[in-house]
Amino acid sequence: RIGALMLDIAAVGMALNIAVSYIASRTGARIGRDLRNQLFARVVGFSEAEIGSFSAASLITRGTNDVQLVQNVSIMLVRMVMYAPIMAVGGIIMVMVTNASMGWVIVAAIVAVLCVIGVVFRLANPKFKVMQKLIDRVNLVARDMMDGLPVIRAFDREAYEEQRFDEASARLMRTQLFTNRAMAFMMPSMMLVMNLTSVAIVWFGAGAVGGGTLQTGDLIAFITYAMVIIMGCLMMGMISIMLPRADVAAQRIREVLACEIAVRDPKDAAAEGT
């Protein structure tokens, strides 16, 4: 009976996960669609002055790459913003119910996780804004080359333009490598914290099991709850790392939407023309 109940709960959980993924995907896609529509409608009304203040390449980046970042974070938020805290809080409650005497191990693990997230955040966050500007630069150079290709060939400037593009691409590559390495540092560190937590629980729990104050099943359950707590903190950490880059992208989109158009058509242009 208990096994059948567990299977039913697992089936319900799977169905809910599928539903959440579906809702998150639709929500993110609609957010991306609405942002692109708003940006396009705004840019269409820009004069040469507004386009020159942003540059055409930057406007393309803001309408594609920046919108995609906001869309991806929206999906992550819908899927994890409630799930991760519930996991972490539920795990803490179950740990306290199982054996509160070893709760300090969980506290130490959470502090270690927060330290890792803080280090990664401090290293990667300043580079996100730089990265978006470098993407603008790569798009600008590529667009200049495409627009002026006949002139470049006529004056034999292919080598110069290739070097200019390589420099812009190399700067973007170095920045992306730095941020990707910083992000890649997080997962092995989290796994190390999780494994050390398991070892610490087994090490200190063995004495309690030997003394008869803790059952072996409770020790295994304690390890499971500890992993649930750490995974919840890991999910929240991943969101906190993605949010700064999405915030930079959102600010860049907002700059375009908030830009005042200098040249506007009259509201009653047809009447004035007649």
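## A residue to start with

Does N72 count as buried, exposed or partly exposed? This model is predicted, and in it N72 has a relative accessibility of 31%. Buried means under 20% and exposed means over 50%, so N72 counts as partly exposed.

You can find N72 in helix α3. Try looking for M242 as well: the two residues are 170 apart in sequence, while their C-alpha atoms are 9.2 Å apart in space.

## The whole chain

Now zoom out. The chain has nine helices and zero strands. If you walk along it from the N terminus, the elements read α-α-α-α-α-α-α-α-α.

How does the chain's radius of gyration compare with that of a compact globule of 274 residues? The globule would come out near 19 Å, but the chain has 27 Å. The C-alpha trace gives another view, spanning about 95 × 50 × 30 Å along the principal axes.

## Inside and outside

Of the 274 residues in the chain, 35% are buried. The accessible surface comes to about 16600 Å², and carbon and sulfur atoms account for 66% of that surface.

Contacts tell us how parts of the sequence meet. Take the contacts between residues at least 6 apart in sequence: 88% of them join residues at least 24 apart.

## Two neighbours in helix α7

Next, look at helix α7, which covers residues 158-210 and holds I201. V202 lies in helix α7 too. Which of the words buried, partly exposed or exposed fits I201? With a relative accessibility of 0%, I201 counts as buried. V202 has 40% relative accessibility, so V202 counts as partly exposed.

What does I201 touch, leaving aside residues up to four places away in sequence? Its contacts are M102, V105, I106, A206, L219, F222, I223 and A226. For L219, which is 18 residues from I201 along the chain, the C-alpha atoms are separated by 7.7 Å. V202 can be paired with I223 in a similar way: they are 21 residues apart in sequence and 8.1 Å apart in space, C-alpha to C-alpha.

## A residue in a loop

Where is L214? Look in the loop between α7 and α8, where α8 covers residues 216-258. Being in a loop does not tell you whether a residue is covered, so check the number: L214 has 5% relative accessibility and therefore counts as buried.

L214 also gives you a long distance to trace on the screen. The C-alpha atoms of L214 and R157 are separated by 77 Å, and the two residues are 57 apart along the chain.

## The largest pocket

Rolling a probe the size of a water molecule over the atoms shows where empty space is left. In this model, the largest pocket holds about 250 Å³ of space. Its lining is made of N17, V20, S21, M76, V78, R79, M80, M82, Y83 and M235. Two elements give two or more residues to that lining: α1, residues 2-44, and α3, residues 56-80.

Which element gives the most to the lining? That is α3, with four residues, and α3 is also the helix where we met N72. Sorted by type, the lining residues are seven nonpolar, two polar and one charged.

Technical notes
Residues numbered from 1 in each chain as written. Predicted model: local features only at pLDDT ≥ 70, side-chain atom pairs only at ≥ 80, totals over all residues. Heavy atoms only, no water. 1 Å grid on protein atoms, 1.4 Å probe; cavity = no way out; pocket = protein on both sides within 12 Å on 5 of 7 lines; lining within 4 Å. Points joined across faces, edges and corners; volume = space filled by probe spheres on them. Nonpolar A, V, L, I, M, F, W, Y, C, P; charged D, E, K, R; others polar. Rg over C-alpha atoms; globule rule 2.2 N^0.38 Å. Buried < 20%, exposed > 50% of the residue type's maximum accessible area, 1.4 Å probe, protein only. Contact = heavy atoms within 4.5 Å. Areas by Shrake-Rupley, 256 points an atom, 1.4 Å probe, with all protein chains shown as cover.
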